[in-house]
Amino acid sequence: MEIHIVDDADAGAKVVADLFERTVRGAGESGAVLGLATGSSPVPAYAELIRRHREEGLSFAASRAFLLDEYVGLPVGHEQSYHRFIRDNFTAQVDIDDSAVVSPDGAADDPAAEAAAYDLRLRDAGGVDLQILGIGSNGHIAFNEPGSSLVSRTRVVGLTRSTIEDNSRYFDAPSDVPVRAISQGLGTILEARRIVLTATGEGKAEAVAQLAEGAVSARWPATVLQAHPDVTVVVDEAAASKLELADYYRYSRALERENPLTPQG
Ligand code: F6R
């Protein structure tokens, strides 16, 4: 796990956007498969990618995108649907085709069957090249709440009271927040070839400390990322404030910057 402690959300956005840019350019015409998250954490990175698209010609035309999750009961165009969120905050502002942005259908008649089919769609697409994640204050990633199986697949999940409260800021009233979602599972997320998780603010500090330094356990679902070989964590000082090994992470990043490893000829 590579941990970047940055000054603020804008600095973090650049680190995340660099990973996206490298993935998209590296895939060339065959196109990258991008895994997208909603919520507030990735929004600065999406804004930076929109800027690079407009000002530097970064093109997403060959890319496809898969969302992590969607509320059960909300159709694709619904104002609070995650599909709408990602369109408004990212995909409609770059040159990715709308039909190439895929989310679980929250309005499906059979949400469990839709979840299983979504998992297969991800596999059929060849898997995710780069997955961006936020983290809940309770350690959830996507909607894998504490207690989720570490090998879970895309499925219907019930949201905890704390998640409903956290997300009620997007709704008129907490009672309007759907109580279930279709969410990629922890096992599904681990199949992404590369993962970047971003978090800011003191409210995420405990979850970030558990993610990086806690024991792997269903109590803190994000700890499962310790078992993935290519995870980058980008956090501001407040979200990093409970990391015991923060000095080592800072030292490691400085070492890479100032003394990069070059192949010996
Ligand atoms: C969003 C998602 C969630 C959020 C998490 C953090 O698609 O799956 O896990 O990433 O709840 O949300 P924010 O970024 O709003 O703090």
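Helices and strands here are DSSP runs, numbered from the N terminus, and those labels will guide us around this predicted model.

**Stop 1: the whole chain**

Start with everything shown as a cartoon. You should find eight helices and 10 strands in the protein. Switch to the C-alpha trace next: these atoms fill a box of roughly 60 × 40 × 30 Å along the principal axes. A compact globule of 265 residues would have a radius of gyration near 18 Å, and this protein has 18 Å, so the two agree.

Now colour by burial, taking buried to mean under 20% relative accessible area. Of the 265 residues, 53% are buried. Turn on the surface as well: its accessible area comes to about 12100 Å², and carbon and sulfur atoms account for 49% of that.

While the whole chain is on screen, consider which residues touch. Among contacts between residues at least 6 apart in sequence, 79% join residues at least 24 apart.

**Stop 2: the largest pocket**

Select T38, G39, S40, S41 and R169 and centre the view on them. Of the 46 residues that line the largest pocket, these lie nearest its centre. The space around you here is about 760 Å³.

Next, colour the elements that each supply at least two residues of this lining:

- the helices α1 (9-27), α2 (43-56), α3 (82-89) and α5 (161-167)
- the strands β9 (194-199) and β10 (231-236)

Which element gives the largest share of the lining? Pick out α3, which contributes five residues.

Finally, colour the lining of this pocket by residue class. You will see 20 nonpolar, 17 polar and nine charged residues.

**Stop 3: the second largest pocket**

Move on by selecting H4, I5, V6, R250, R253, A254, E256 and R257, which line the second largest pocket. Two elements give two or more residues each to this lining, namely the strand β1 (2-6) and the helix α8 (246-258). Show α8 as sticks, since that is where to look for the biggest contribution: α8 gives the most, with five residues.

What volume does the second largest pocket have? The value is about 210 Å³. Keep the class colours on for a last look: the lining residues here divide into three nonpolar, one polar and four charged.

**Before you close the viewer**

Try showing both sites together, with α3 highlighted for its five residues in the largest pocket and α8 for its five in the second largest.

Notes:
Residues numbered from 1 in each chain as written. Predicted model: local features only at pLDDT ≥ 70, side-chain atom pairs only at ≥ 80, totals over all residues. Heavy atoms only, no water. 1 Å grid on protein atoms, 1.4 Å probe; cavity = no way out; pocket = protein on both sides within 12 Å on 5 of 7 lines; lining within 4 Å. Points joined across faces, edges and corners; volume = space filled by probe spheres on them. Helix = DSSP H or I, 4+ residues; strand = E, 2+ residues; numbered from the N terminus. Nonpolar A, V, L, I, M, F, W, Y, C, P; charged D, E, K, R; others polar. Rg over C-alpha atoms; globule rule 2.2 N^0.38 Å. Buried < 20%, exposed > 50% of the residue type's maximum accessible area, 1.4 Å probe, protein only. Contact = heavy atoms within 4.5 Å. Areas by Shrake-Rupley, 256 points an atom, 1.4 Å probe, with all protein chains shown as cover.
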